[in-house]
Amino acid sequence: MKNGIIGTADEKLKKFVSTDAFCFLFPLAVLSIWLLTLVLRGKVEKASGYYLLYYLYTFDRGFISRGGITGEVISFFYDKVTPETTVYVSAFLSAVLVFVSSICIGFALKRVRNEPETGSLAVFFIVLLSVLPVSFRTFLVDQKFDKLLWALALLCVLLCKNRLTVILVPFLCVLATLINSVFLFTSMFLVSLVLLQSFYDSKYSKYRLAVCLLAYSGMIATAVMSLILQKNIQFDSAAEMVNFYFSRYTGDIPAYDKQKIISTCVNDYFEPFSTYFIKAIRVYGIGRAQWIPSLLHIVFLGVPCFACFTALWLNAIKAENNRFQKFIFVLCLVFPLVSIPLTVFTWEASRYCGNALLVSLCLLIYYIVHGNSAVIKSLLKTINCAKRHCVLSACVAVYFAMFIINV
C-alpha cells in the first residue's frame with residue numbers, strides 16, 4: 001500500500017514537471033526563496049553614500065537625469081526617507097526583477113523542454129547566468145537601481161515576441177533612459193539587438209523596422225534632452241543641491257561622506273562635460289589610483305570573457321550565410337568594447353564589464369531558445385573543441401569558477 005502511494009505521488013510529480021506551469025513556477029519559487037532568505041537575514045543593503053541620493057531625488061527643482069523618476073515615485077508615499085525605507089524599496093525592486101526574470105526563464109524552458117540537445121544547453125547557461133556574482137547574487141541585495149533597468153530590459157524582450165505588444169518596447173526604453181541614462185550602456189544592448197533580430201526574423205517587416213527606429217531614436221533623444229535639462233536645475237552649487245535632497249533623509253550621514261558627494265559625485269550637473277571628463281581621469285582615476293582595480297578587472301576577467309564570446313560569435317558569423325544576420329552577430333561581438341571608455345570615465349569596471357557579460361549570456365540563451373542554427377553550430381563546435389582539449393578546458397573552467405565562487 002505504501003509503495004503504491006509513493007508510486008502514485010512519483011507519477012504525479014513527473015507529470016507536473018512535464019507541464020508548462022512547472023517551467024514558470026520552478027524558477028519563480030527558487031528565486032523568490034533566495035530573495036526571501038536574503039531579506040530575512042538582513043542582507044539587502046541600506047542605501048548609502050552617493051547612491052542614497054537616487055532615493056531622494058525629486059523634480060522639485062528641475063529635471064534630475066539619474067534616479068529622478070524613482071525618487072519622485074518614492075516621494076508620493078514617503079515625505080521623509082528612512083534607512084529602512086531604502087531597504088523596502090530595494091527589496092521591492094528585487095522582487096520585480098525576480099518576477100520578470102522567472103517569466104523569461106519560464107518561456108525559455110517551455111520552448112526547449114522537448115529539445116534534448118538545445119534544452120540542455122539552455123538550462124546550463126540559465127543556471128550559469130543565475131549564479132554569476134554580477135547577476136542575482138548582486139542585484140538582489142544591491143542598493144543601485146540597475147536591477148530595475150534589467151527588469152525593464154527583460155520585460156522588453158518578452159514584449160518583442162508578440163506583434164501587438166512590441167509597440168510598447170520603445171516607451172519602456174524611454175522610461176528606462178529617464179530613470180538612468182546608464183541604461184544606454186548596459187542592458188539597452190540586449191533590447192536593441194533583440195529588436196533588430198525580430199526585424200530580421202519577421203522578414204524585414206516595415207512595422208518591426210518602425211518599432212526599432214522609434215526605440216533607438218527615442219532613447220537617443222531622451223538621453224540628449226536629459227543632458228540639456230540637467231543643466232537647468234535650480235541650484236547654485238553642488239553643496240546646495242546635496243543639502244536640499246538630504247534634508248528628506250532621516251538617517252545619519254557622516255560629514256566626510258556628504259562632503260565627498262558634494263566635491264566628486266554631482267559636479268557633472270554644474271560643470272561642462274569636457275571639464276568633468278578630465279577630472280574623472282586626473283582625480284578619480286590617477287589621483288585615487290582607481291585605474292589599478294579597474295585595469296585588473298578588465299585584464300583578468302573582462303578580457304577572458306570577451307575572448308570566449310569573440311570566438312563564439314566569429315564561428316557563428318562563419319556558419320551564417322545571410323549578410324544581415326552576420327551584421328547582427330558582429331554587433332553582438334563588438335558591443336562589449338563600450339565598457340572600456342565607460343570605465344575610463346567612471347572607474348567602475350566591474351559594473352560595466354559585468355553588464356556586458358550578462359547581455360552576452362542573455363543573447364546566447366535567446367539564440368539557443370529560438371533555435372538559431374549558426375549559434376548552435378558555433379556552440380557545438382566549441383564543445384567539441386573543449387572535449388578534444390580536456391586539460392586546457394578544465395583549467396579554463398577552474399579559472400572562471402574561482403571568480404564565481406570567491407567574488
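Which residues of the largest nonpolar core touch the most other members? In this predicted model, the core contains 115 residues, and Tyr57, Phe183 and Trp313 are the ones that touch the most other members. Helix H17, which spans residues 349-369, gives the most to this core, with 14 residues.

The surroundings of phenylalanine 183 illustrate how one of these core residues is placed. When neighbours within four places in sequence are left aside, phenylalanine 183 is in contact with Leu149, Ala153, Cys173, Ala176, Thr177, Met188, Val191 and Met219. One of these partners, threonine 177, belongs to helix H8. Threonine 177 has a relative accessible area of 0% and is therefore buried. Beyond residues up to four places away in sequence, threonine 177 touches Phe183, Leu184, Met219, Thr222 and Ala223. Phe183 and Thr177 thus appear in each other's contact lists, and Met219 is a contact of both.

Two further residues show buried positions within helices. Leucine 159 is found in helix H7 and counts as buried because its relative accessible area is 14%, under the limit of 20%. Apart from residues up to four places away in sequence, leucine 159 touches Thr165, Val166, Leu168, Val169 and Leu172. One of these contacts, valine 169, is ten residues from leucine 159 in sequence, and the two C-alpha atoms are 6.7 Å apart in space.

Threonine 86 is located in helix H4, and its relative accessibility of 0% places it among buried residues. A polar atom of the threonine 86 side chain lies 2.6 Å from the backbone oxygen of proline 83. With neighbours within four places in sequence left aside, threonine 86 is in contact with Lys46, Ala47, Leu52, Tyr55 and Val81.

Packing between helices was examined for helix H3, which covers residues 68-77. The buried residues of this helix are Gly68, Thr70, Gly71, Glu72, Ile74 and Ser75. These buried residues pack against three helices, namely H4 (83-112), H7 (146-159) and H8 (169-179). Helix H4 is the helix that holds threonine 86, H7 contains leucine 159, and H8 contains threonine 177.

Charged side chains were considered next. Side chains of opposite charge can pair when their charged atoms come close. The count of salt bridges in the model comes to five. In one of them, the side chains of aspartate 20 and arginine 113 meet at a distance of 2.6 Å, N to O. This pair links distant parts of the chain, 93 residues apart: aspartate 20 lies in helix H2 (residues 20-40), whereas arginine 113 lies in the loop between H4 and helix H5 (116-131). Aspartate 20 is partly exposed, with a relative accessibility of 33%, and arginine 113 is also partly exposed, at 32%.

A second salt bridge is formed by glutamate 240 and arginine 61, whose side chains meet at 3.5 Å, N to O. Glutamate 240 lies in helix H11 (residues 238-246) and arginine 61 in the loop between H2 and H3, so this pair ties together parts that are 179 residues apart in sequence. Both partners count as partly exposed, glutamate 240 at 30% relative accessibility and arginine 61 at 23%.

A further salt bridge joins the side chains of lysine 144 and aspartate 142, at 3.1 Å, N to O. Here the partners are buried: lysine 144 has a relative accessible area of 18%, and aspartate 142 has a relative accessibility of 9%. In addition, salt bridges that share partners join Asp20, Lys110 and Arg113 into one network.

Nonpolar residues also occur at the surface. A nonpolar surface patch of about 650 Å² is made by Ile286, Trp291, Ile292, Leu295, Leu296, Val299 and Phe300. The largest share of this patch, six residues, comes from helix H14, which spans residues 291-319. An α-helix has 3.6 residues a turn, so residues three or four places apart point the same way. Leucine 296, one of the patch residues, lies in helix H14. Its relative accessibility of 45% means that leucine 296 counts as partly exposed, because this value falls between the limits of 20% and 50%.

Methods:
Residues are numbered from 1 along each chain as its sequence is written. This is a predicted model: local features need pLDDT of at least 70, side-chain atom pairs count only at pLDDT 80 or more; totals for chains, interfaces and linings use all residues. Side-chain values use heavy atoms; hydrogens and water are left out. Patches are made of residues with over 30% relative accessible area and no salt bridge: like charges are joined within 9 Å, nonpolar side chains (Val, Leu, Ile, Met, Phe, Trp, Tyr) within 5 Å. Accessible areas come from the Shrake-Rupley method with a 1.4 Å probe; for residues, only the protein chains shown count as cover. A salt bridge is a side-chain nitrogen of Lys or Arg within 4 Å of a carboxyl oxygen of Asp or Glu. Helices (H or I, at least four residues) and strands (E, at least two) are DSSP runs, numbered from the N terminus. Buried means under 20% relative accessible area, exposed over 50%, partly exposed in between (1.4 Å probe, protein chains only). Contact means heavy atoms within 4.5 Å. A nonpolar core is a set of buried Ala, Val, Leu, Ile, Met, Phe, Trp, Tyr and Cys residues joined through side-chain atoms within 4.5 Å. A polar contact is a pair of N or O atoms within 3.5 Å; within protein, one must be able to donate a hydrogen and the other to accept it, and residues adjacent in sequence count only if both atoms are side-chain atoms.
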